[in-house]
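Let's walk through this structure together, one piece at a time. Keep the sequence and the 3D view open as you read.

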Amino acid sequence: MVELLFEDIFTVSRVDPDGKKFDKVSRIEARSEQFDMYMQLDVNNELYPLLVGEKFTMVLASTLNLDGTPDSGYFMQGQKKSLADNFEYVMHGKLYKISEESAAGGTNVKVEIYVSFGGLLMLLKGDPSNAANFELDQRLFLLMRKV
Amino acid sequence: MNQGAEKLRCTKEPYIEVNGHQRIESIRFSVHSGDDIRKQAEVQVWKNVIYDVNIKPAPDGLLDLRMGPPNRNFTCATCHGNFTECPGHFGWLKLTLPVFNVGYFNSILNILKCICKACGRILLLESERRIFLKTMRKPRADPTQKDHLLKKIRQKCGSECLHCGYKNGVVKKLGSSLTIVEDFTRKIDGSMHEFRSALSHLKDGASFQLIHVLRPLKVLALFKRMLDQDCELLNLNDRPEKLIITDIAVPPSPIRPSVIMDAGMSMENDITIILKGIVNTNSILREDLEGAAPLFKCLECWDLLQVQVAEYINSEAPCVPDNKNRGLIQRLKGKQGRFRGNLSGKRVEFTGRTVISPDPNLKITEVAIPTVMAQILTYPERVYRHNIEKLRQCVRNGRFKYPGANFAVLSSGSTMDLKFEGRKNVANDLKYGDIVQRHLEDGDVVLFNRQPSLHRMSLMCHRARIMPWKTLRFNESVCNPYNADFDGDEMNLHVPQTEEARTEALTLMGVQNNLCTPKNGEILVASTQDFLTSSFLITRKDAFYDRASFALLCSYMGDGMESIDLPAPALIKPVELWTGKQLFNVLVRPNASTRVFLNLTVKEKCFSKPQNLSETMCPRDGFVYFRNSELICGQLGKATLGNGSKDGLFSVLLRDYNAYAAASCMGRLAKLSARWIGNHGFSIGIDDVQPGERLIQQNKRTIDDGNRECLDFIAKYNKGELTLETGCDAAQTLELKIHDVLNKIRSAAGNVCMNELHWRNSPLIMSQCGSKGSPINISQMIALVGQQSVGGRRAPNGFIDRALPHFPINSKTPSAKGFVANSFYTGLTATEFFFHTMAGREGLVDTAVKTAETGYMSRRLVKGMEDISLHYDLTVRDASGAIAQFLYGDDGLDPAKMEGKEGSPLNFDQLYMKVMATCPHRENDSLSPAEILQTLDKRFSRCDMAPEGGCSSEFKQKLSDFIQKRIVTLQQTRQALQLDENPAINKGCCKRETISTRISGISAKQLEVFLETCISRYYLKKLEAGAAIGVIGAQSIGEPGTQMTLKTFHFAGVASMNITLGVPRIKEIINAAKNISTPVIKTQLLSSSEALSARIVKGCLEKTTLGEVSKCIKIVLKPSQTYISVVLDMERIESLQMRISSESVRFAILNHPRIGLKPEHVITMSSHKLKISMPLVHKDQLFPLHSMNTLLPKVIVKGISTVKRAVIKKDKELYSLFVEGTNYLAVMGTPGVDASKTTTNHVIEVCQTLGIEAARQTIINEIKFTMDGHGMSIDIRHMKLLADLMTYKGEVLGMTRFGLTKMKNSVLMLASFEKTSEHLFNGAYSGRDDHIEGVSERIIMGIPMQLGTGILKVRQRVQDLTELKYGPDPIIS
């Protein structure tokens, strides 16, 4: 079975916090219910429009293969059954940075995880315990489904 | 041993140094005597007829065939060669009476000044003579010292001869004519009257003359009587009589060819014409002398001969009445003269020149050569087994079919022209070893050049690519080094003709080996213009491509020939989409077998740091981050792909991998972008510059606000309420403020445009990605043109008190002084247009003037530094071996290879990032801070990190500082995650531990790799021996000069103080000018926090005249006495803290050089009153009193006379002073000034005050400051070298003709620089030896120079090789 690295339900709190810079891509800000994670994500709003207040499930996985075989890193032809079948919006990218929160935190420091999906960036900020599954240069799939 | 051994055969004989006895060791300059001339000559010329009746050169005439053929129609009568073969032979012409040689005229004059005109002995005491002779004979003395000594001797020479007692007169030149006279007027004594009265009874008493003319005949006799020792004393190498011409060498006819015109006329060369005149005059003079003509007629004729001989040598001499003929000196002098035009630079074969055009499909290293050109340019290829078929085909094709050949040189020695029939036979008979001059083909090595060749990248080596059509084409990425564009530029092409030359060209001058400029290590060959625009558009965040278009784009970059690994799409669902950034992943690393792992971060122009987040999350996507050849984020622009940066994509590829990686990536990018933008389309139209409604309104508001602000200032100024800026008067303050406001308007309008325009606006895109144009350009098109300035000020008054008659008098409003509120789109009003032309003209004039000025500056710099090179012992020496630096730039590193900022060898941050990314962590193998330090110390203790091992301590320090910084971050991370210092204790699988490792941990392997890379790369950056760093330095300083625009600089905080910058300032520094236009002394105060002390010191420095501090200076006329009373204004003095009392004023008056009063005449009445009376020598008291009265107010009572003013600068409650003016010493000595922190920008003054080392540092600092002021970074090593060269003789020598003569002692080099004839004559006079060591001399003599690849002198002694014996030694030997 696929081992999901992270799964949670997010609520969109803001769209394009710094103003709209790009036509087809907007940056959403969202907060999760279960782990209280903060997320910034670049989404292709032409294909998958997200509005403020909408809720969605987001899953991070290291492979789309249902049997859990690791991803090859290259695109495979053929319509196999995959994890993506249950989701509406799927992106593929690479984790490029892990850091502690830039601001001088108090007792409960947060850890930031940065992922780039071919230039569409994701920032996931939250408790260090959630970050243990992630490592640098990891290939990740981001899967989203509106709730 | 084996005499018949085959010599290595080359297509062209390589330069092989002939061993021992045949080498030209030196050239000695000396004077030709009449005897020498006669011995060399083949024929005596005396006839003034040139051609006889049959139009044949007359025997004994000027074109006698024994001197060689004068044109193609004749053959030489001496050697029987034709016009091309015969080198020519000299003739000689006997002068009836001797004449002076113009070139030596001053030398003759100087000798005559030193010798007795009766007996020819030197006019010195015997003891003095001996001392001088001893010093003159010192073998070590260089020419400058000897010249100095000679001057001293000349001064010491008396007038009365100690040997014969003859009283000498003063020797001088008579006007501009070539006459030397001995003047006795000054020597009149008592006997004169007596003598005159004795003669008075004679009728013709006037015949007694005080001025004797020293005619050449007499001088010759005098010179002949001179002792050899005296000659030596006068630094004469030879007998002085040689300085006077008795015979003329008639130059061979081939160098003065005669052109026969039809109808039996002939055009003669200038030299022949002049010589004909001489022959004529000479024969007339002889006849006159023989026929006893009157004396005056003979003298007249002699004078004419003198003038004609002078014209022969130097037709521009002042004594020559009309100089329409070119004399011998004119042939040597100047740019087109023999030295600069024919000896230092020669015409070459195998060259081509046409218009250039761009071709992005070519590789960076290629140049497309049109077939027509390739058919003329050939390469001699030797036939061997593998190319014989190809060459046979070439020979068969012949001259007029492209892959053909022009000539075939057979091994028998005959050359076959392949123009004609019979090529087939030649082709069939082709044998191994024959040489075929075949047409250029793909892959041939060519040199490519564009003038002006300001730096070494203006001449680079490319690979040929033969293409149709008629232009030379190359990749646009290579425009930058040549500074070429395609608006009709032409470029030159040269084809090296030997394998040796090809190899050397390819390795030293190849484009791929010259990607970086040695000026500062920035990349020069990089993407430009369209490539940047398309990269910028492709990498936009919202650029998505489906499978078909992505695959198409991938095939663009490699011509569809490269294997490409298609990456997984970034968007998988709902549709598969790839982003533009992924296209760049492919571009950098097309497939898995390409082992390129690019890691870099760059901040693009539009970068703005997001709050509390990593820089990568920049909302405008302005932070470029490549991680392991994957573009994580960022929109690529000029900072990443363009030239002029050190941490861009191509620089990093070049440093981390190799030139090939960078060049091929550049080529892929060029192809991709050119094709992509061809499909996408990118153009600019009128709608791009039409402002929208909002833009118009916002602009109107900014302009109105600015206008109002200016009007407020003007109103305040008119009322006199303006608060003054430091060191300015009201008008200046107003100008400053208005200028400020108006400049702000334009930049504000620019910002509005940048924010308001749609992202698809073409000008906006171009300015954002850096391909062309700036925000100012956009705002000028769309919003407003802005303030026009002429000479750094607003438009000047062309009419009385106003700029144009359209405005009221004295109007200072923005629009009246050249503020253009319209944009180029809306159109300018008439007055605005006029102001715009004023500014435009200034720009044009400026560029025109500057090119000439910087060109000359570069030439001087190069001439002065051309022979400086690095030697094997790491010292920097000139050609004669004099050391300029012990270690180049204090670390011996190559400026072209510097990666870090400010010329530091490595960019540790980037390297660290790369190591961390390419060499990932294993699980929990992070080192503790203590362990890191331990590893570092261990590595540092190895010998290659010690100064003896060649590692500079600066580098070591920087490396250890960097590691310290990493340790601090590690500690911070651990602290933040609430972990204790040492990870070794709880090496369990604590989650936080893992995370901290991933955030900032270093593993042992990573640290090792990092340190090893740093150190090994440091050693790779060492400069190679033989590098011609002198020329590189000169070019690096000269080339930026062309880009500098006229600009003065304001000191931060002190608005009124301007400093000359730009080319004029660089010129001042390099010339070592005695008077500079803005000398400024920067001082620190001892008590820098007090404003009062600053003001006191200012009072001490600024000159205060008596008039400024006195209430009244008046003349008092009383019956008893007359005097001037001075009353000091004590209130004013007190308020300004000047500490002036009547006593100090008295002292100042007494010390004034022009007043000259004695102490008793100036009496202090009280502390603020003085009484000045006049000495009673004059009967009339009134006039001196009045003149004194006008003089007194100008007496400087306090301060330094050379100081114009001093301005206090306040910087964070700390006061310092800027002193405008000179006299560094006095400023340092002023009480209250911290002398140890006082600096000046006047190099010469620093040298006089602090010494030569301080002057050197000042030169470095000043050049650096000037270059930085223009935003140009130049490696400090170049400036150090220049400064060392200017100071290594112990005095500051400018890079001018005066400084260079003191720096260099090669006559040929100096002659090829400036004042050609003077240096040659001086060299001949003192018998100078030229050892032919420097670059100029070697070029002139045609010998390879001793730098670069010529530094090697490898010799192998073949005979001495011991023969190896196999088997046992013989038992009996």
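In β2(A), which residue is the bridge partner of Val12(A)? The partner is Ala30(A).

Before going on, some ground rules: this is a predicted model, where local features need pLDDT of at least 70 and side-chain atom pairs count only at pLDDT 80 or more, while totals for chains, interfaces and linings use all residues. Residues are numbered from 1 along each chain as its sequence is written, chains are lettered from A and ligands numbered from 1 in the order in which they are written, and side-chain values use heavy atoms, with hydrogens and water left out.

**Strands in chain A**

Back to that pair. Strands here are DSSP runs (E, at least two residues), helices are runs too (H or I, at least four), and both are numbered from the N terminus. Two strands pair if DSSP finds at least two bridges between them. In general, strands of a sheet pair through backbone hydrogen bonds, either parallel or antiparallel.

The table lists some antiparallel pairs from both chains.

| Strand | Partner strand | Bridges |
|---|---|---|
| β1(A), residues 4-15 | β4(A), residues 55-61 | seven |
| β1(A) | β2(A), residues 25-32 | five |
| β38(B), residues 1122-1128 | β40(B), residues 1169-1173 | five |
| β30(B) | β31(B), residues 876-877 | two |
| β5(A), residues 89-100 | β21(B) | two |

For β1(A) and β4(A), one matched pair to look for is Thr11(A) with Lys55(A).

**Where the chains meet**

The last table row crosses from chain A to chain B. There, Val90(A) has Lys573(B) as its bridge partner.

Step back to the whole contact (heavy atoms within 4.5 Å): chain B brings 50 residues and chain A brings 54. Together the chains bury about 4,600 Å², with 59% of it on carbon and sulfur atoms. Buried area is the accessible area (1.4 Å probe) that two parts lose on being put together, summed over both.

The interface also has four salt bridges, each a side-chain nitrogen of Lys or Arg within 4 Å of a carboxyl oxygen of Asp or Glu. One of them links Glu630(B) to Lys94(A), with the closest N and O atoms 3.2 Å apart. On chain B's side, the elements that each supply at least two residues include β21, α19 and α30. The top contributor to that side is α31(B), with five residues.

**Two sheets in chain B**

An open sheet of four antiparallel strands runs in the order β37-β38-β40-β39 in chain B. Why do β37 and β39 of chain B each have one side without a neighbour in the sheet? They stand at the edges, each with a single partner strand, so one side of each stays free of a neighbour. From one strand to the next, the twist averages 20°. Inside this sheet, Val1126(B) faces Leu1170(B) in β40(B).

Two helices lie across these strands. Helix α38(B) crosses β38, β39 and β40 of chain B at about 170° to β39(B), and α39(B) crosses β37 and β38 at about 175° to β37(B). Such angles run from 0 to 180 degrees between N-to-C directions, using axes fitted to C-alpha atoms, for helices over the stretch in contact.

The other sheet is open too, with three antiparallel strands in the order β30-β31-β32 of chain B. Its edge strands, β30 (869-870) and β32 (883-885), each pair on one side only.
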